[in-house]
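User: Please take a close look at a single part of this model. I would like one connected account of a strand and the residues around it.

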Amino acid sequence: MAAPVARASKQQAAAEGLGSNQKAVKYLGQDFETLRQKYLDSGVLVKDPEFPACPPALDYEDLGPCSPQTQGIVWKRPVELCPSPQFIVGGATRTDVCQGMLGDCWLLAAVASLTLNEELLYRVVPRDQNFQENYGGIFHFQFWQYGGWVEVVVDDRLPTKDGELLFLCAEEGSELWSTLLEKAYAKLNSSYEALEGFEDFTGGISELYELKNPPVSLFIIRKALRAGSLLACSIDVSSAAAAEAITSLKLVKSHASSVTGVEEVDFRGHPEKLMRLRNPWGEVKWMGARSDDAPEWNYIDPRQKEELDKKAEDGEFWMSFSDFLRLFSRLEICNLSLDSLSSEEVHKWNLILFNGYWIRGSTAGGCQHYPGSS
């Protein structure tokens with residue numbers, strides 16, 4: 001009887017709108033408003049018992065208690081790190097995302113891409129929170145998990161080393177939304193070392209293109225960006241030792257970069273397709289053709305060059321589409337669903353959702369040659 005009861009419960013929850021962005025499931029039963037008010041009334045800052053500020057929150061392996069990387073870590077609140085912490089300063093942008101000690105570049109690329117879509121960003125990062133009004137040391141975020149939105153509550157105790165934030169941070173040191181978002185995502189995944197990216201931020205579905213033999217064209221990329229999809233790319237390595245090695249043209253191997261735009265320019269009387277990318281590290285920037293001071297810019301209309309400069313922010317760079325296909329190994333496109341976007345300005349993907357259950361001996365996984373695996 002367990003399966004029918006579970007099925008009926010899930011159908012009732014869906015009918016009540018539970019799991020929608022407006023009525024997200026409360027992760028571990030924690031309700032943000034209730035907890036914030038409780039601690040405001042008590043005059044004590046929140047200490048989250050479900051994700052305590054201690055070594056297991058980092059992980060048990062590379063970031064475990066015996067790892068050299070985690071020696072000397074102190075958990076501090078933002079008010080202990082800077083005199084006037086801010087949640088968001090001047091709007092959330094892709095320059096608010098800088099990599100720390102944790103090499104989670106795919107997560108950084110996902111968060112940076114998220115800022116390109118303000119509506120989606122503020123679904124994941126609710127704006128009803130700050131360090132000034134009703135501050136109780138508690139924040140909340142929403143993620144897409146298994147077909148529905150989940151609200152995750154965290155306190156604002158953050159891992160630091162030598163007085164600096166250990167992991168993801170903003171260029172503006174007092175701006176904390178991205179740092180707290182990372183902590184909430186770490187809580188959802190049990191630790192900081194178990195982080196992934198795109199789909200949990202968006203409710204979307206990812207597709208992967210291998211660029212060595214690409215079934216991909218600029219048309220697909222333009223269509224994806226126009227549809228509000230989030231895109232990231234990377235360069236493969238042959239060994240772990242080569243990870244994050246920097247090429248002679250200043251591209252970082254095994255490191256995710258966000259694809260933020262496409263354009264077409266007139267170059268010496270012929271159309272040339274360009275890609276705009278962003279490296280989450282920011283300071284490591286493409287040095288090949290179409291880089292900031294490359295001579296190719298002398299052969300296009302100065303007005304068009306000025307317009308392209310306006311569209312590129314710090315850490316972003318342009319390269320030709322042909323160089324992109326030649327130098328990068330793979331492209332990930334996260335297509336957003338109807339639940340992720342409501343704007344009429346984008347061409348959204350269609351979504352059909354089927355709810356079902358694995359039944360042992362019937363629909364459960366496994367191989368027909370090995371009945372015991374079902």
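Analyst: What follows starts from one strand and works outward to its partner, the loops and the annotated residues.

The model is predicted. Start with strand β11, residues 316–320. How many of its residues are buried? The count is 5 of 5, so β11 is largely enclosed by the rest of the structure. In a regular strand, side chains alternate between the two faces of the sheet. Look at each face of β11 in turn. On one side sit Glu 316, Trp 318 and Ser 320. On the other sit Phe 317 and Met 319. Every one of these is buried, so both faces of β11 are covered.

Next, the partner. Strand β10 spans residues 270–278. β10 and β11 run antiparallel to each other and pair over 5 bridges. For a point of reference in this pairing, take Leu 274: it stands opposite Ser 320 of β11. Ser 320 is itself one of the buried residues of β11.

Now follow the chain to either side of β10. Before β10 comes a loop that links it to β9, residues 257–267. Arg 268 is found in this loop. Its phi is positive, about 55 degrees, although Arg 268 is not a glycine. Is Arg 268 buried or exposed? Its relative accessibility is 52%, and the cut-off for exposed is over 50%, so Arg 268 counts as exposed.

After β10 comes the loop that leads to α9, residues 302–311. Asn 279 has its place there. With a relative accessible area of 3%, Asn 279 is buried.

Asn 279 also carries an annotation. The UniProt entry, which is unreviewed, places the feature "active site" at Cys 105, His 255 and Asn 279. Which of these residues belong to the lining of the largest cavity? That lining includes His 255 and Asn 279. His 255 lies in the loop between β8, residues 230–234, and β9. At 1% relative accessibility, His 255 counts as buried.

One further backbone detail concerns Leu 28. Leu 28 lies in the loop between β1 (25–26) and α2 (32–42). Its phi is positive too, about 60 degrees, and Leu 28 is not a glycine. Leu 28 is partly exposed, with a relative accessible area of 45%.

To recap: β11 is buried at 5 of its 5 residues, and β10 pairs with β11 in the antiparallel sense. The loop after β10 holds Asn 279, and the lining of the largest cavity includes Asn 279 and His 255.

Notes
Residues are numbered from 1 along each chain as its sequence is written. This is a predicted model: local features need pLDDT of at least 70, side-chain atom pairs count only at pLDDT 80 or more; totals for chains, interfaces and linings use all residues. Side-chain values use heavy atoms; hydrogens and water are left out. Buried means under 20% relative accessible area, exposed over 50%, partly exposed in between (1.4 Å probe, protein chains only). Helices (H or I, at least four residues) and strands (E, at least two) are DSSP runs, numbered from the N terminus. Two strands pair if DSSP finds at least two bridges between them. UniProt positions are given in the numbering used here, feature names are shortened, and annotations may be inferred rather than shown by experiment. On a 1 Å grid over the protein atoms alone, a cavity is a set of points where a 1.4 Å probe fits but cannot get out, and a pocket is an open set with protein on both sides within 12 Å along at least five of seven lines; lining residues have an atom within 4 Å of a point.
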